[in-house]
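Colleague: I have a model open and would like to learn how to read it. Can we go feature by feature?

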Amino acid sequence: MMRTRPLKVALLGCGVVGSEVARIMTTHADDLTARIGAPVELAGVAVRRPSKVREGIDPSLITTDATALVKRGDIDVIVEVIGGIEPARTLITTAFEHGASVVSANKALIAQDGAALHAAAVEHGRDLYYEAAVAGAIPLIRPLRESLAGDKVNRVLGIVNGTTNFILDAMDTTGAGYQEALDEATALGYAEADPTADVEGFDAAAKAAILAGIAFHTRVRLDDVYREGMTEVTAADFASAKRMGCTIKLLAICERAADGGSVTARVHPAMIPLSHPLASVRGAYNAVFVEAEAAGQLMFYGPGAGGSPTASAVLGDLVAVCRNKLAEATGPGDSAYTQLPVSSMGEVVTRYHISLDVADKPGVLAQVATVFAEHGVSIDTVRQTGKDGEASLVVVTHRAPDAALSGTVEALRNLDTVRGVASIMRVEGE
């Protein structure tokens with residue numbers, strides 16, 4: 001039976017995503033009512049600049065007092081799209097205390113304080129949903145949390161930042177340098193005026209923490225994620241990758257250890273074979289590859305950012321939370337029963353592609369090979385070119401602990417015959 005009294009929704013933030021959420025709630029009101037089983041009503045919108053014209057939103061709903069809005073007591077669901085840690089964290093916990101469930105797109109907050117927020121939601125019998133926090137419109141959290149709830153996920157490997165993928169794809173396809181590709185991304189609106197969060201991997205690291213925690217049922221915080229940006233990737237690196245039949249992507253990688261006793265989460269640029277599905281992800285798109293014991297290999301692909309895609313994920317959560325409200329129930333919450341430790345990057349088993357500038361004389365290769373052997377790192381392939389006393393030596397290793405590989409590189413720097421380490425990059429996706 002359809003309920004006639006509407007469920008009241010308050011919106012915290014009305015920027016690109018928030019305004020699109022409000023628009024869809026209005027234009028698709030009848031469909032949302034049919035899907036939920038009750039009407040939904042936009043009951044308030046908290047903003048910082050009330051004078052700004054917001055098309056399609058009743059001006060009487062606009063307020064600058066977000067705290068008063070979440071304390072009203074008649075709000076059923078709060079949609080938080082303001083981002084950042086504070087005041088979002090306090091507003092969300094206050095919403096729980098005053099009877100509202102929460103839908104959020106706040107990756108930084110969930111990665112940093114997800115456990116505490118989930119605990120607050122449970123304490124007050126409310127929902128906390130955040131599908132939009134990870135990859136825009138791409139369904140990831142719900143499949144990991146619900147569809148694969150009976151399976152064991154061993155690895156999550158993905159491109160979870162559209163800005164960096166656009167830049168790297170431009171470098172790959174046009175031969176542009178990093179700065180040139182970044183300038184193009186900025187001009188087209190794919191990169192912020194300050195792109196640090198994207199290009200230095202902070203955005204992807206927050207998403208990796210969320211994905212790892214859900215996939216492995218353990219606590220993974222932002223500080224647990226190894227992070228390396230992509231600003232040092234060069235056109236020469238892409239040339240080397242092409243010679244190996246690879247391309248370069250900024251990857252978020254979450255893995256369960258082979259013995260099942262720990263997990264790792266990391267973000268860094270890596271070479272991946274052109275045969276891997278992630279290699280063909282172009283432009284500002286995202287894609288995530290999930291490996292589970294029973295389900296096998298699954299790939300999720302689509303637009304990972306932008307107003308409409310992110311609003312789509314927010315509205316999906318809103319429908320689910322509203323349905324739960326009508327059923328007087330809550331959906332799946334935090335699942336961290338495994339309490340697995342998060343290993344350091346040094347313990348991760350990886351492969352390296354190392355390009356060295358060396359003296360072009362007899363015995364250099366033997367010296368380099370000795371250093372690898374002393375650190376217990378096996379060499380897969382070596383390529384050497386040179387003339388006029390200068391040479392380039394490219395070494396690709398077999399898999400080894402990252403600490404051993406890092407130690408090898410430091411030892412190579414100390415060889416008299418090594419003039420410099422031109423580039424170092426991990427190789428993934430075998």
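Colleague: Leaving aside neighbours within four places in sequence, which residues is I167 in contact with?

Modeller: One caution before that: this is a predicted model. Now the contacts. Skip the neighbours within four places in sequence, and I167 is in contact with Y178, A181, L182, A185, V199 and M230.

Colleague: Which residues have the most contacts inside the largest nonpolar core?

Modeller: I167 is among them, along with I78, V153 and I210. That core has 79 residues. Its largest share comes from helix 11, residues 202-216, which gives eleven residues. There is also a second, separate core of 33 residues. V9, V103, V314 and L318 are included in that second core.

Colleague: Take helix 13. How do I check its length, and what span should it have?

Modeller: Count 1.5 Å a residue. Helix 13 covers residues 307-326, so its 20 residues should span 28 Å. The C-alpha atoms at its ends are 28 Å apart, which agrees.

Colleague: Is helix 13 largely enclosed or largely open?

Modeller: Count the buried residues. In helix 13, 14 of the 20 are buried, so the rest of the structure largely encloses this helix.

Colleague: What comes just after helix 13?

Modeller: Look at the backbone angles there. E328 takes a positive phi of about 55 degrees.

Colleague: On to charges. How many salt bridges does a search of the whole structure find?

Modeller: First the idea. Side chains of opposite charge can pair when their charged atoms come close. The search finds 25 salt bridges here. One of them joins the side chains of R89 and E86, at 3.0 Å from N to O. Both ends are partly exposed: R89 has 28% relative accessibility, and E86 has a relative accessible area of 41%.

Colleague: What separates E146 and R142 in helix 7?

Modeller: About one helical turn, because they are four residues apart in helix 7, residues 141-147. Their side chains meet in a salt bridge, 3.9 Å from N to O. E146 is partly exposed, with a relative accessible area of 37%. R142 is partly exposed too, at 27%.

Colleague: And D223: buried or exposed?

Modeller: The cut-off for exposed is over 50% relative accessible area. D223 has 67% relative accessibility, so it counts as exposed. Its salt bridge is with R221, where the closest N and O atoms are 3.7 Å apart. R221 counts as partly exposed, at 40%.

Colleague: Which residues do salt bridges with shared partners join into one network?

Modeller: R155, E255, R266, E291 and E428. Start from R155, which lies in strand 7, residues 153-159. At 13% relative accessibility, R155 counts as buried. Its side chain makes a polar contact of 2.6 Å with the side chain of E255. Another polar contact, of 3.0 Å, joins the side chains of R155 and E428. Beyond its neighbours within four places in sequence, R155 is also in contact with others, including F216, I253, C254, F289 and V290.

Colleague: E255 is in strand 9. How many of the residues of strand 9 are buried?

Modeller: Eleven of its eleven, across residues 246-256. Now sort them by direction. C246, I248, L250, A252, C254 and R256 point one way. T247, K249, L251, I253 and E255 point the other way. Both sets are buried.

Colleague: Which strands does strand 9 pair with?

Modeller: Check the bridges and the direction. Four bridges join strand 7 to strand 9, and the two run antiparallel. Eleven bridges join strand 9 to strand 10, residues 263-273, again antiparallel. Follow C254 across: V156 is its bridge partner on one side, and A265 in strand 10 is its partner on the other. The hairpin of strand 9 and strand 10 has six residues between the strands, and there G260 takes a positive phi near 75 degrees.

Colleague: Last one. Where does A279 lie?

Modeller: In the loop between strand 10 and strand 11. A279 is buried all the same, with a relative accessible area of 4%. Not counting residues up to four places away in sequence, A279 touches T247, K249, I272, P273 and L274. For a distance check, take A279 and A327, 48 residues apart along the chain: their C-alpha atoms are separated by 44 Å.

Terms used
Residues are numbered from 1 along each chain as its sequence is written. This is a predicted model: local features need pLDDT of at least 70, side-chain atom pairs count only at pLDDT 80 or more; totals for chains, interfaces and linings use all residues. Side-chain values use heavy atoms; hydrogens and water are left out. A nonpolar core is a set of buried Ala, Val, Leu, Ile, Met, Phe, Trp, Tyr and Cys residues joined through side-chain atoms within 4.5 Å. Buried means under 20% relative accessible area, exposed over 50%, partly exposed in between (1.4 Å probe, protein chains only). Contact means heavy atoms within 4.5 Å. The expected span of a helix is 1.5 Å times one less than its number of residues. A salt bridge is a side-chain nitrogen of Lys or Arg within 4 Å of a carboxyl oxygen of Asp or Glu. A polar contact is a pair of N or O atoms within 3.5 Å; within protein, one must be able to donate a hydrogen and the other to accept it, and residues adjacent in sequence count only if both atoms are side-chain atoms. Two strands pair if DSSP finds at least two bridges between them.
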